[in-house]
Each structure stands twice: as structure tokens, then as C-alpha cells.
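Let's work through a few short exercises together. Keep the structure open beside you and try each task before reading its solution.

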Amino acid sequence: MAITLSGDQSIPAPPLSSRLTPAQVWGIVLLAPYLLVFLAFVVYPVCYGLWLARAPSNYVALYNDPIFARAAVNTLIFLVIGINIKMLIALFLSGFFAQQRTWIKWLSVIFILPWAVPSIPTILSVRFMFNPEWGVINHLIFSFTGDDGPNWLNDPTVALTMAIGVHIWKSLPFWTLILITGRLAIAQDLFEAAEVDGASWWQKFRFITWPSMQTLYITCTLLSMIWTLGDFNSVYLLTGGGPADLTHVLSTLGIRYLRLDQLSLAMASIVCAMPFVLPLVYFMMKRLSR
Amino acid sequence: MKLPSLRDVATEARLLLIGIPVFLWTMIPIYHMFLFAISPKEDAFSGKLWPDHPTLHNFEIVFKQQHYFLRDFYAQFWNSLVIAAAVGVLTLVIATAAAFSISRLRVPGGRIVLNLALFTYFIPAAFLAVPMYRTMGNYGLLNNHWSLILAMVTIASPYAIWVLKQASDKLPVELDEAAVMDGATTLQIFRMVYLPLMMPSLVAIGTYAVLLAWNEYLYAFLLLSNDREITLPVALGNFLAADDSPWELLMTTGFIYALPPAAVYYAFRRYMVGGLTAGAVKS
């Protein structure tokens with residue numbers, strides 16, 4: 001059933017109902033549910049939100065709010081440092097998991113657990129581990145050294161680092177899995193030929209693995225950055241934005257404003273992120289919709 | 001049998017040197033949760049690596065709802081279940097219809113809709129949450145399960161449409177042509193040719209949507225607030241509100257909450273890995 005629009009264009013347009021074949025009518029009917037969802041829950045909220053954020057005074061208020069500046073910096077640290085560390089580890093581990101060993105196969109089944117279980121209980125579990133009074137970490141420190149351990153989550157730098165750590169813990173398996181599929185797609189005879197030529201480990205990576213994986217790797221990194229912008233749980237459930245609102249990222253800050261009933265500020269903070277988000281999204285769409 | 005050479009032993013040792021930290025890193029938070037779940041209250045806070053008297057008492061308290069924080073446990077579990085199931089079914093219906101329409105029927109404007117869906121997929125969910133909260137208020141849906149169901153369908157369907165569209169593009173056009181020759185109507189093609197062939201992708205997408213909804217915290221905690229209406233993850237978050245939170249019960253509930261998605265994930269792993277990673281990133 002080759003139904004294309006190309007034939008229609010040369011004919012002078014008849015009334016709409018007779019121009020559409022039954023299949024095209026069905027096409028519109030079947031597409032309608034999604035269009036309705038899209039209009040009601042994406043277009044309307046986004047337009048409404050932009051309308052709420054229209055007043056310039058919102059942006060002055062944001063500019064004067066030190067928490068916003070701090071959240072923007074934290075978000076940048078999270079994305080630029082956190083994600084790159086995560087992807088480098090994923091790249092490294094994809095090589096490890098590509099090894100043909102029975103125990104590594106079993107380990108890869110276990111390794112996927114953080115991705116398979118919901119993040120709420122596991123993040124809370126980490127939070128309890130680092131509780132200064134009752135957490136297992138400080139118990140161990142006390143039993144080995146006799147000193148009280150630090151109040152981990154009370155230091156903004158440590159707390160943000162741990163939030164990044166929790167994020168890595170959760171999403172590392174997913175990206176490793178994707179990079180493994182990329183690695184397994186490389187033709188094995190290339191490595192065999194390199195082996196014969198006496199190539200070192202680094203040369204094999206530099207001249208075979210990396211050239212065939214770099215597009216995938218960069219796509220994954222950008223995609224992970226976009227998604228991590230929306231990672232609310234890792235920060236909110238671990239630190240709650242504290243101490244003293246110093247570990248907020250943009251996603252938790254928006255919700256913080258929302259809970260303080262400052263909806264227009266919440267929207268304005270999101271609008272401020274758009275100049276960074278939209279180019280990434282555009283780039284990703286170009287890549288994926290080829 | 002040949003003795004392993006020194007070089008093999010060295011390679012194996014190096015692999016173990018990576019494997020052991022990976023194992024510990026993965027398991028410690030999960031083991032810690034499990035440890036709390038099987039520890040009596042006084043052991044839980046003692047920092048031991050294995051309780052002196054492991055017990056299932058915590059599970060008993062949860063299942064009998066014998067604590068202030070747990071008095072609506074079954075209602076909340078049921079809410080999570082119903083919402084996840086509804087999101088799975090609705091996403092499948094909406095996305096399959098849309099993918100069929102775009103890929104097989106080549107509906108005019110299908111390409112634009114696909115790009116819009118892809119664009120939605122890339123908007124960070126936490127950013128959309130703010131206007132979504134207000135929108136649901138305008139629609140009068142706050143505190144109603146439909147608000148969470150519709151929000152999760154909105155978030156799940158773009159990716160679903162995209163993956164299903166990629167999968168249906170791979171089905172040969174000749175199948176549809178042959179069916180038309182035999183006099184099949186569009187709906188018959190959809191039901192008898194398209195759906196059976198798409199089954200593996202449909203399983204993957206259904207699982208994806210169900211897990212997404214079951215695991216969702218942010219939207220659930222914004223859109224639902226009444227104790228009997230909230231889902232389990234929101235209830236877990238509410239434990240934190242008190243200073244003297246019963247952690248061992250929180251971890252037990254969390255453990256129970258984490259089991260179904262883990263089981264589903266491992267049961268459908270073959271589909272998930274094949275169907276989702278192929279679609280997730282095209283190199």
C-alpha cells in the first residue's frame with residue numbers, strides 16, 4: 001500500500017474529504033490521541049509557563065537571589081565534571097565487560113541492579129549510611145580510629161560530590177550497557193591484525209576502538225547531560241538542597257520555588273536554562289532523526 | 001589439563017582488580033538496605049555488617065500496617081500498581097497507534113509529529129514538572145490519580161513512539177501491499193499483520209512505561225498529596241519528614257517496593273536490552 005503525497009501535488013486541490021484516502025483518514029484518527037496528549041500536557045503547560053515567566057522583574061529577582069547563582073554553578077559542575085567522569089568510567093568498564101569470562105557475565109547481571117531498582121530506596125539507603133550519628137560509615141570510622149566521623153552531608157562540597165556519586169551509581173550501568181553494544185560491533189579481525197602487528201593496548205584503543213566508538217560516545221555524553229539536567233532525585237533525596245540551600249541544582253531549585261508558591265520565579269529559572277538546553281536538544285535531534 | 005601460564009594469571013588478577021570494586025560499589029547501597037530490612041531495631045543502628053539476630057519482624061510490621069507511617073501501606077501499594085498498569089496500557093495504545101499511523105500509513109505531517117515527540121523526549125522531566133503541576137491544577141485534576149497517569153503517559157509516549165516507529169520502519173512494505181491485495185482493511189492490517197509482528201517491541205515499550213511510572217517520584221509527590229491517594233515512593237519520602245524516622249521500616253518498605261521492578265526488569269531483560277538500547281542511541 002504505497003500511499004504518498006507526491007501524487008497529490010500536481011493535481012489541483014479537491015475538497016479535503018475527497019483528497020484523503022481511507023488509509024489517510026485512519027492515519028489521522030490513529031494519530032489524534034497522541035496529538036491531544038501533546039496539546040493538553042506539553043503545548044499548553046509550556047505556553048502557560050512562558051506566559052507566567054514573562055515579567056522582567058522575575059529575572060531581576062533571580063539575578064539577585066544567591067541561591068540561583070549557586071544552583072547554576074552546581075548544575076554546571078554536575079554536568080561538566082560529573083557526566084564526563086561517568087562516561088569515562090562507562091567507556092572503561094565497557095571494555096572490562098566485553099571480556100569473555102563466565103564470572104564477568106555474572107557480574108554484568110549484578111552490575112545492572114542499580115538501573116533496575118527504583119532510585120528512592122537506594123538513595124535513602126546511601127543517605128542513612130552517611131548519617132553522622134547512626135550511619136554505618138561513621139560507626140566504622142569510630143571503631144577503627146576512635147574518632148567521630150565528619151558530618152558528611154553538612155559540607156556543601158562533600159554533599160554535592162556525593163549527589164554526583166549517587167547519580168553515577170544509578171545511571172552508570174545503562175551507559176556502560178550501551179557502550180558495550182558499541183564495542184561489540186567492532187570487527188574482531190581488526191584487533192587480531194593489530195595483535196599480529198604487535199600493537200600495544202593503548203595503540204589498539206587509540207586507533208581501532210576509539211575511532212569506531214567516538215560518535216556513539218559523544219552522542220551518549222550529550223544525551224546524558226540533557227537528561228541529567230532533569231535529575232531531581234539524586235540531589236533532592238540525598239541532600240534536600242541543603243545545607244543552607246547550597247547544593248541545589250536547577251531541577252531542584254525550580255521545585256523549591258514552586259513549593260514556596262513562587263511559580264513565576266520557578267518558570268523564570270527554567271527559562272534561564274533554555275539557552276543551554278535548546279542547542280543540545282537541537283543537536284541531538286539532528287543526530288537521532290537522520 | 002594445562003597449567004595456566006603466568007601471563008594468564010596476571011590478566012585474571014588485573015580483571016579481578018576491576019571486578020571486585022565494581023561488585024562492592026554496586027552492592028553496598030543495596031546490601032545496606034537489605035541489612036536494615038532484616039535487622040531488629042536495636043541492631044540496625046549498631047553499624048554491624050550482619051545482624052546478631054536476623055529477623056523478618058520488620059516485614060511483619062509492614063504487612064500488618066502496624067506503624068503510623070505504614071497505616072496506608074496497602075492502599076499506596078495498590079495506587080502504585082494501578083497507576084503503573086494504566087500508564088503502561090495507555091502509552092502502548094497511544095504510541096502504537098501513532099507509530100502505525102506515521103510509519104505505515106504515512107499520514108501527512110507525521111514527520112513533524114515525530115520531531116515534536118522527539119523534542120518532548122529531550123525536555124528534562126523536572127523542568128516540565130513545574131508548568132505541569134499548575135496545568136493539572138487548572139484542569140482540576142490535582143490529587144486525582146488521573147493527573148499522575150496522564151503526566152506519565154505524556155513523558156513515556158514520545159520515546160515509545162520513536163522506538164516503535166523505528167521498529168515498524170523495518171517491517172517490509174510488501175506485507176501491507178499483500179494484505180491490501182487480499183482485500184484487508186486498514187484496521188485488519190493493524191490487528192492481524194502489524195501487531196503480531198511488533199510484539200517484541202511492544203513488550204519492551206510496555207515494560208518501559210510500567211517501570212517509569214512505578215519508579216516516578218517527582219511527579220507523584222507534586223501531583224498527589226492525600227495519604228490514601230499517594231504512591232509508595234511518595235510515602236517513602238514522607239518518612240523523612242519526622243526526626244525519629246523508623247529507618248528499619250523505611251528500608252523494609254523500600255525493599256518491598258524495589259522488588260517488583262527488579263523482577264520485571266530481569267524477566268524482560270532480553271526484550272529490554274534488545275528493544276531499548278537499539279533505540280536509545282543510534283550511532
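**Exercise 1: Two aspartates in loops**

A:Asp261 is exposed, because 8 other C-beta atoms lie within 10 Å. The cut-offs, with C-beta atoms placed from the backbone, are these: a residue is buried with 20 or more other C-beta atoms within 10 Å of its own, exposed with 12 or fewer, and partly exposed in between. A word on the source: this is a predicted model, where local features need pLDDT of at least 70, side-chain atom pairs count only at pLDDT 80 or more, and totals for chains, interfaces and linings use all residues. Residues are numbered from 1 along each chain as its sequence is written, while chains are lettered from A and ligands numbered from 1 in the order in which they are written.

Task: find where A:Asp261 sits, then classify A:Asp245 as buried, exposed or partly exposed.

Solution:
- Step 1. A:Asp261 belongs to the loop between α13 and α14 (263–288) of chain A. Its phi is near 65 degrees, a positive value in a residue other than glycine.
- Step 2. A:Asp245 lies in the loop between α12 (233–236) and α13 (250–259) of chain A. Its phi, too, is positive, about 60 degrees, although A:Asp245 is not a glycine.
- Step 3. A:Asp245 has 19 C-beta neighbours inside 10 Å, so it counts as partly exposed.

**Exercise 2: The chain as a whole**

Task: say how many helices and strands chain A has, and compare its radius of gyration with that of a compact globule.

Solution:
- Step 1. Chain A has 14 helices and 0 strands. Helices (H or I, at least four residues) and strands (E, at least two) are DSSP runs, numbered from the N terminus.
- Step 2. A compact globule of 290 residues would have a radius of gyration near 19 Å, whereas chain A has 25 Å. The radius is taken over C-alpha atoms, and the globule rule is 2.2 Å times the number of residues to the power 0.38.
- Step 3. Along the principal axes, the C-alpha atoms of chain A fill a box of roughly 90 × 65 × 30 Å.

**Exercise 3: Helices across the chains**

Task: describe how α7 (residues 119–129) of chain A packs with α1 (residues 6–37) of chain B.

Solution:
- Step 1. The helix axes are 9 Å apart, at an angle of about 85 degrees.
- Step 2. Therefore α7(A) is roughly perpendicular to α1(B) (under 35 degrees is roughly parallel, over 145 roughly antiparallel, 65 to 115 roughly perpendicular, and the rest oblique).

Methods:
Axes are lines fitted to C-alpha atoms, for helices over the stretch in contact, and angles run from 0 to 180 degrees between N-to-C directions.
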